Each structure stands twice: as C-alpha cells, then as structure tokens.
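Trainee: I have a new model open and would like to go through it with you. Can we take it one question at a time?

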Amino acid sequence: MTHSMSDHTAAQPATPGDPEGIDPSVLDELTRLRDSIDNIDAAVVHMLAERFKCTQQVGHLKAAHRLPPADPAREARQITRLRQLAESAKLDPGFAEKLLNFIIAEVIRHHETIART
C-alpha cells in the first residue's frame with residue numbers, strides 16, 4: 001500500500017505558526033488572548049513614555065539645583081514599594097525588582113546626560 005504525501009502530512013501535528021489542523025475555537029481564543037496581550041503591551045509602552053517624561057523633568061530640576069543624578073535612598077524605597085505591589089498583584093517580586101532596576105538605570109543615565117548639558 002502506498003501513501004501519498006498529503007496522507008503522510010495530514011497525520012502530523014500542526015507546527016507552530018501553522019493553524020492547519022487546530023480547532024477553530026482554539027484559534028479564536030488564541031487570537032483573542034493575543035489581541036489582549038498586544039493592547040497591554042501598547043499600554044505598557046505608553047505608560048513608560050509618560051513615566052520617562054516625568055523623570056526627564058526631575059532630571060532637569062536636579063541639574064538646575066546641582067543635585068546628584070541618582071538617589072539611592074529613593075530607589076531603595078521604590079524597590080520595596082514595587083516588590084509589595086507585585087506580591088499583592090500575584091507577580092513575582094524578583095521580576096518586578098529587576099524591571100524597576102532596569103528602568104532606574106535608564107533614568108539615571110538620562111539624568112547624567114541632562115546634568116552634562
């Protein structure tokens with residue numbers, strides 16, 4: 001008995017990115033969830049942009065008054081606060097801290113640049 005190529009491939013599971021063979025209701029739910037993720041990602045980017053607008057103003061204020069670009073005591077309070085928020089939101093506090101440390105490093109870099117100009 002011979003098998004055609006289409007007989008052989010039809011029995012194989014769908015590969016990632018290939019919706020053939022996946023239940024349409026699963027694809028609909030996957031699309032719905034991905035659309036939500038895309039919307040959340042857009043909101044996160046816009047919120048970060050707003051945050052950086054505020055921190056740029058802080059940088060200019062610090063530079064005008066010859067204050068240091070970094071404020072380790074404030075950063076420590078923010079990390080503690082964000083870890084608590086993460087815990088109450090059922091988000092890994094370690095992840096939240098890493099994210100905030102990344103953001104703080106970028107803010108300090110901006111403040112140093114502002115102070116030099």
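Trainee: In which helix is the place of Arg116?

Mentor: A word of caution comes before the answer: this is a predicted model. On exposure, Arg116 has a relative accessible area of 65%, so it counts as exposed. Its place is in helix α4.

Trainee: How far apart are the C-alpha atoms of Arg116 and Ala63?

Mentor: Look at the chain before you look at space. Arg116 and Ala63 are 53 residues apart along the chain. Their C-alpha atoms are separated by 8.4 Å.

Trainee: What pattern does the protein chain follow along the sequence?

Mentor: Count the elements. The protein chain has four helices and zero strands. Read along the sequence, the pattern is α-α-α-α.

Trainee: What percentage of the residues in the protein chain is buried?

Mentor: A residue is buried when its relative accessible area is under 20%. The protein chain has 117 residues. The buried share of them is 15%.

Trainee: What share of the accessible surface belongs to carbon and sulfur atoms?

Mentor: Take the total to begin with. The accessible surface of the protein chain comes to about 9500 Å². Carbon and sulfur atoms hold 61%.

Trainee: Among contacts with a separation of 6 or more, what share comes from residues 24 or more positions apart?

Mentor: Keep to the contacts in the protein chain with a separation of 6 or more. Now pick out those between residues 24 or more positions apart. Their share is 57%.

Trainee: At what angle do helix α3 and helix α4 pack?

Mentor: Two packed helices are described by the angle between their axes and the distance between the axes. Helix α3 covers residues 72–88, and helix α4 covers residues 93–116. Their axes are 9 Å apart. The angle is about 145°.

Trainee: Which residues of α4 make the contact with α3?

Mentor: α3 passes α4 in a right-handed crossing. From α3, the contact is made by Glu75, Gln78, Ile79, Leu82, Arg83, Ala86 and Glu87. From α4, it is made by Pro93, Gly94, Ala96, Glu97, Leu100, Asn101, Ile104 and Ile108.

Trainee: How many salt bridges does the count come to?

Mentor: Side chains of opposite charge can pair when their charged atoms come close. The rule asks for a side-chain nitrogen of Lys or Arg within 4 Å of a carboxyl oxygen of Asp or Glu. By this rule the count comes to four.

Trainee: Which residue forms a salt bridge with Glu29?

Mentor: Stay in helix α2. Glu29 is partly exposed at 36% relative accessible area, and its partner is partly exposed at 44%. The two are three residues apart, so about one helical turn separates them. With the closest N and O atoms 2.7 Å apart, the partner is Arg32.

Trainee: What is the N to O distance in the salt bridge of Lys53 and Glu50?

Mentor: Lys53 and Glu50 are also in helix α2, three residues apart, so about one helical turn lies between them. Glu50 is partly exposed, with a relative accessible area of 42%. The N to O distance is 3.1 Å.

Trainee: How far apart are the closest N and O atoms of Arg109 and Glu106?

Mentor: Both residues lie in helix α4, three residues apart, about one turn of the helix. Arg109 is partly exposed at 44%, and Glu106 is partly exposed at 27%. They form a salt bridge, with the closest N and O atoms separated by 2.5 Å.

Trainee: Which residues form a nonpolar patch with Ile40 on the surface?

Mentor: Ile40 has its place in helix α2, residues 24–64. Its relative accessible area is 52%, so Ile40 counts as exposed. The patch has about 240 Å² of accessible area together. Ile40 shares it with Val44 and Leu48.

Trainee: What is phi of Arg66 near?

Mentor: Arg66 is in the loop between α2 and α3. At 77% relative accessibility, Arg66 counts as exposed. Its phi is positive in a residue other than glycine, near 55°.

Trainee: And what is phi of Lys90 near?

Mentor: Lys90 is in the loop between α3 and α4. Its relative accessibility is 78%, so Lys90 counts as exposed. Here too the residue is other than glycine and phi is positive, near 65°.

Notes: Residues numbered from 1 in each chain as written. Predicted model: local features only at pLDDT ≥ 70, side-chain atom pairs only at ≥ 80, totals over all residues. Heavy atoms only, no water. Patch = residues over 30% accessible without salt bridge, like charges linked within 9 Å, V, L, I, M, F, W, Y side chains within 5 Å. Areas by Shrake-Rupley, 256 points an atom, 1.4 Å probe, with all protein chains shown as cover. Buried < 20%, exposed > 50% of the residue type's maximum accessible area, 1.4 Å probe, protein only. Contact = heavy atoms within 4.5 Å. Axes fitted to C-alpha atoms, helices over the stretch in contact; angles between N-to-C directions. Left-handed = near helix turned anticlockwise from the far one by under 90°.
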